[in-house]
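Here are my notes from a pass through this one, set out as numbered points. Have the viewer open while you read.

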Amino acid sequence: MASRLEQDLSCPICCELFRDPVVLSCSHSFCKVCLENWWKDKPLKTCPVCKRRSSRKNPPLSLALKNLVETFTEERRQTSPSPAQPECSLHSEKLRLFCEDHQDLVCLVCRDSRTHKDHSFRPIEEAAQELREQLRRDLTPVQENLKVLARSRAQLESSEAHITAQARRAQTQIRAQFEKLHQFLREEEESRMKALREEEEQKTQRMKDMMAAVSRDMEAVSQSVSETEELLRAADASFLLQYKTAAKRLQQRPLVEDMGPGALIDQAKHLGNLGFNIWRNMKSLVQFYPVILDPNTAGPRIILSEDLSSVRRGEAQKVQQNPGRRRDYDVLGSERFVSGTHSWDVEVGESKAWDLGVREFVQRRDVTEERDWSICFFCGEYWAFSPSDDKPLSVKKKLQRVRVKLDFGTKTLTFTDPDTNTDLHTVTGFISEGLRTYLHTDEDVPLKILPRNITVTE
């Protein structure tokens with residue numbers, strides 16, 4: 001009966017006897033502080049038990065329940081035998097005081113000894129109450145760390161499945177291209193497949209290792225939390241005897257390892273310029289693209305072609321978290337240009353909303369800033385964009401293609417119309433540590449990176 005009554009008088013959140021109990025409109029009761037912490041940062045104030053929305057942000061105090069808890073506590077104190085008081089191992093006296101300097105229990109003889117001269121002492125009950133509150137405060141970030149670990153594990157599981165799906169799609173595309181080639185290329189095909197399998201196994205294994213590590217950390221943290229919560233319910237003397245060990249244990253929090261860049265399958269490495277690299281002697285069946293688009297950076301509304309050379313708008317789809325992804329309708333090139341001269345042609349065709357150019361990522365403390373140099377076509381007008389200036393462009397003939405040329409030697413970026421050999425826009429004097437191609441489209445009409453005619457020599 002006492003156990004059942006104690007359960008009925010306990011808060012569903014903290015599982016301890018009610019402290020300043022409040023009652024919701026659904027008749028469920030909670031400690032006032034527990035409910036406030038539960039509702040913190042939540043837009044909807046719902047009952048933690050039945051999830052029913054509360055009609056009041058400040059529920060009333062339940063005086064009847066509070067008086068019942070006080071009566072139960074007093075009766076239990078009077079009827080329950082007091083726990084055995086531990087004795088001093090040196091003087092066989094009862095440990096009645098807590099030495100703040102040594103953080104240990106002492107008897108009255110210890111207090112007057114030379115060892116504890118000029119030390120500060122407090123009653124056991126007072127010291128236990130304060131340190132118990134301190135341990136509760138120390139427990140909170142550990143509990144939050146456990147939540148972070150759980151979210152990290154969920155992300156790792158999702159990434160593992162995505163990596164496997166990427167590998168399956170890449171295998172399909174690789175086989176489709178190899179079917180066009182003659183039998184003597186089969187050995188090269190197996191070589192490419194082996195590289196993909198090795199990367200898949202390596203990165204999948206890394207996900208599994210990271211999940212295993214997170215699982216171990218979760219188990220250790222869960223055990224620490226359980227042991228600490230059990231200690232918090234212990235008698236004062238027993239609590240104080242184990243306090244230092246518990247407090248030290250709570251300081252040992254595992255760090256959440258970030259997946260970091262390069263965690264996903266590098267499809268550009270396996271698929272970009274694939275035919276050109278493996279079949280130089282059959283140029284009529286092979287096309288070389290100076291820029292390969294990176295599907296790991298594609299926004300959720302972007303659809304890439306199988307050869308990673310064109311992009312169009314599509315239905316919103318679920319995408320994996322990736323540091324390189326930024327905007328819904330953007331995709332970046334797979335290569336980061338840091339020196340030399342580079343050029344590529346983009347076919348815009350009949351698209352009525354596009355933006356293309358180069359993008360720089362600048363790391364400033366904990367924030368990554370983007371800087372774009374581009375030209376765009378929107379609402380029937382052409383514009384040039386840069387980090388410091390935007391201006392309209394005078395274009396007499398509707399563009400079908402745009403040539404982008406990046407020259408690190410002369411520090412120039414030019415946009416031209418290759419059909420009329422007309423200069424559209426030129427940026428001079430810029431300095432960058434690395435630039436990536438980017439395409440933006442809000443149209444079903446694809447933007448295409450055009451293949452380049454290459455003369456192959458030994």
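**Notes on the predicted model**

1. A detail to begin with: Gln363 has Thr368 in S11 as its bridge partner. Keep in mind that this is a predicted model. The pair belongs to the antiparallel match of strand S10 (residues 353–364) with strand S11 (residues 367–378), which runs over 12 bridges.

2. Zooming out, S10 and S11 sit in an open sheet of 6 strands, ordered S8-S17-S10-S11-S12-S13, with antiparallel pairing. Which strands stand at the edges? They are S8 (330–337) and S13 (390–392); each has a single partner strand, so one side of each has no neighbour in the sheet. From one strand to the next, the twist averages 25 degrees. As general background, strands of a sheet pair through backbone hydrogen bonds.

3. There is also an open sheet of 3 strands, in the order S4-S3-S5, again with antiparallel pairing. Here S4 (104–106) and S5 (121–123) take the edge positions with a single partner strand each, so each is left with one side lacking a neighbour in the sheet. The twist in this sheet averages 40 degrees from one strand to the next. Strand S3 (residues 97–99) pairs with S4 over 3 bridges, in the antiparallel sense, and Cys99 has Asp104 in S4 as its bridge partner. Helix H5 (residues 124–178) packs on the sheet and touches S3, S4 and S5; the direction of H5 makes about 95 degrees with that of S5.

4. Worth a look for backbone angles: the hairpin of S15 and S16. Strand S15 (residues 412–417) and strand S16 (residues 422–428) pair in the antiparallel sense over 6 bridges, with Thr416 opposite Asp423 in S16. The hairpin has 4 residues between the strands, and Asn421 takes a positive phi near 55 degrees.

5. Helix H3 (residues 63–79) has 17 residues and spans 24 Å from first C-alpha to last, close to the 24 Å expected at 1.5 Å a residue. Which residues of H3 are buried? They are Leu65, Val69 and Phe72. Seen down the axis of H3, the buried residues fall within an arc of 65 degrees, so they line one face of the helix. The general reason is that an α-helix has 3.6 residues a turn, so residues three or four places apart point the same way. On the face of H3 turned away from the buried side you'll find the exposed residues Leu63, Ala64, Arg77 and Gln78.

6. Cysteines next. The whole structure has 0 disulfides. For Cys11, the nearest cysteine sulfur is that of Cys31, 3.9 Å away; Cys11 is buried, at 1% relative accessible area. For Cys50, the closest cysteine sulfur is in Cys47, at 3.7 Å, too far for a bond, because a disulfide needs the sulfur atoms within 2.5 Å. Cys50 is partly exposed, with 36% relative accessibility.

7. Last one: is Ser309 buried or exposed? Ser309 counts as buried, at 5% relative accessibility, although Ser309 lies in the loop between strand S6 (302–304) and strand S7 (310–313). Leaving aside neighbours within four places in sequence, Ser309 is in contact with Tyr289, Leu293, Leu447, Lys448 and Ile449. The C-alpha atoms of Ser309 and Arg364 are separated by 32 Å, and these residues are 55 residues apart along the chain.

Definitions and conventions:
Residues are numbered from 1 along each chain as its sequence is written. This is a predicted model: local features need pLDDT of at least 70, side-chain atom pairs count only at pLDDT 80 or more; totals for chains, interfaces and linings use all residues. Side-chain values use heavy atoms; hydrogens and water are left out. Two strands pair if DSSP finds at least two bridges between them. Helices (H or I, at least four residues) and strands (E, at least two) are DSSP runs, numbered from the N terminus. Axes are lines fitted to C-alpha atoms, for helices over the stretch in contact, and angles run from 0 to 180 degrees between N-to-C directions. The expected span of a helix is 1.5 Å times one less than its number of residues. Buried means under 20% relative accessible area, exposed over 50%, partly exposed in between (1.4 Å probe, protein chains only). The arc is that of the directions from the helix axis to the C-beta atoms. Contact means heavy atoms within 4.5 Å.
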